[in-house]
Amino acid sequence: MDTETHQSGGTLRLVLLGPPGSGKGTQAKLLVDRFKIPQVSTGDMLRAAARAGTALGQEAKRSMDRGVLVPDATIVGLVRERLGEPDCSCGYILDGFPRTVAQAEALEKLGTPLDHVLSLEVPEDELVVRLAGRRTCRSCGAMYHVQFSPSRGDAVCDACGAPTYQRDDDREETVRRRLQVYTTETEPLVSFYQERGLLRRVPGTGTVAEIAQRVARALGV
Ligand code: AMP
């Protein structure tokens, strides 16, 4: 796909909202290619910190493994720093942030208004199947599904050859907890952004290409 011109002022700031397993990461990567703006995934940032063994990473891993959220102040600090980096000056795709009303309010206070918030909607039963079968590349983060999109080799990433694995928090019990946390902590953001006239609902079932088309239509491109 060609690079597209962004909104007025040449920026595009986007939030992808949706429960775990709704396809935010997959759609974010397609949008990165299309608009040449970075994906800012707080989950990826926390997993990188955990791998690096930093104090923040170790603390975050404890929350992630239990399927509960990392404290707002920690996440907001991390995101504030990341959005201040030069590659975010033309916009960004927020994937997995904000996840609470307090985080959304903190984002507003940064003074960089959002252009769109897309809510990817998928029935809960399908989310459980998607997450429990999900495999992730240890090195590049590429995602596979044991049933729907297996890697060609056995537990090896097609893109970079590194091993794939099941994230600790993709095990069924933790998945159920994460979905509960989504309902109580994050779903209120749907009305938060609806009130601000920013929300577009996007059905998140079907093929990746079908969903990408709906995403494009919701963005008016
Ligand atoms: P994800 O990869 O987006 O599903 O995130 C994995 C885990 O990282 C979540 O279950 C949380 O424990 C933590 N996490 C990611 N983003 C946030 C956030 N915005 N606020 C709090 N915790 C987060």
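How many salt bridges does the count come to in this structure? The count comes to 15 salt bridges. The model is a predicted one, and three of these pairs are described below, followed by a network of shared partners.

**Pairs within a helix**

In helix H2, which covers residues 42-52, Arg47 and Asp44 stand 3 residues apart, a separation of about one helical turn. Their side chains meet in a salt bridge. Arg47 counts as buried, because its relative accessibility of 19% falls under the 20% limit. Asp44, by contrast, is partly exposed.

Helix H3, residues 55-66, holds the pair Asp65 and Lys61, which are 4 residues apart and likewise separated by about one helical turn. A salt bridge forms between Asp65 and Lys61. Asp65 is partly exposed at 34% relative accessibility, and Lys61 is partly exposed at 31%.

**A pair between distant parts of the chain**

Arg196 and Glu108 also form a salt bridge. This pair links distant parts of the chain, with the two positions 88 residues apart: Arg196 lies in the loop between helix H8 (188-195) and strand S8 (199-203), whereas Glu108 belongs to helix H5 (residues 101-109). Arg196 is partly exposed, at 37% relative accessibility, and Glu108 is partly exposed, at 41%.

**A network**

Salt bridges with shared partners join Arg134, Arg167, Asp169, Asp170 and Arg178 into one network.

The table lists the N to O distances of the three pairs.

| Salt bridge | Closest N to O distance |
|---|---|
| Arg47 and Asp44 | 2.8 Å |
| Asp65 and Lys61 | 2.7 Å |
| Arg196 and Glu108 | 2.5 Å |

Conventions. Residues are numbered from 1 along each chain as its sequence is written. This is a predicted model: local features need pLDDT of at least 70, side-chain atom pairs count only at pLDDT 80 or more; totals for chains, interfaces and linings use all residues. Side-chain values use heavy atoms; hydrogens and water are left out. A salt bridge is a side-chain nitrogen of Lys or Arg within 4 Å of a carboxyl oxygen of Asp or Glu. Buried means under 20% relative accessible area, exposed over 50%, partly exposed in between (1.4 Å probe, protein chains only).
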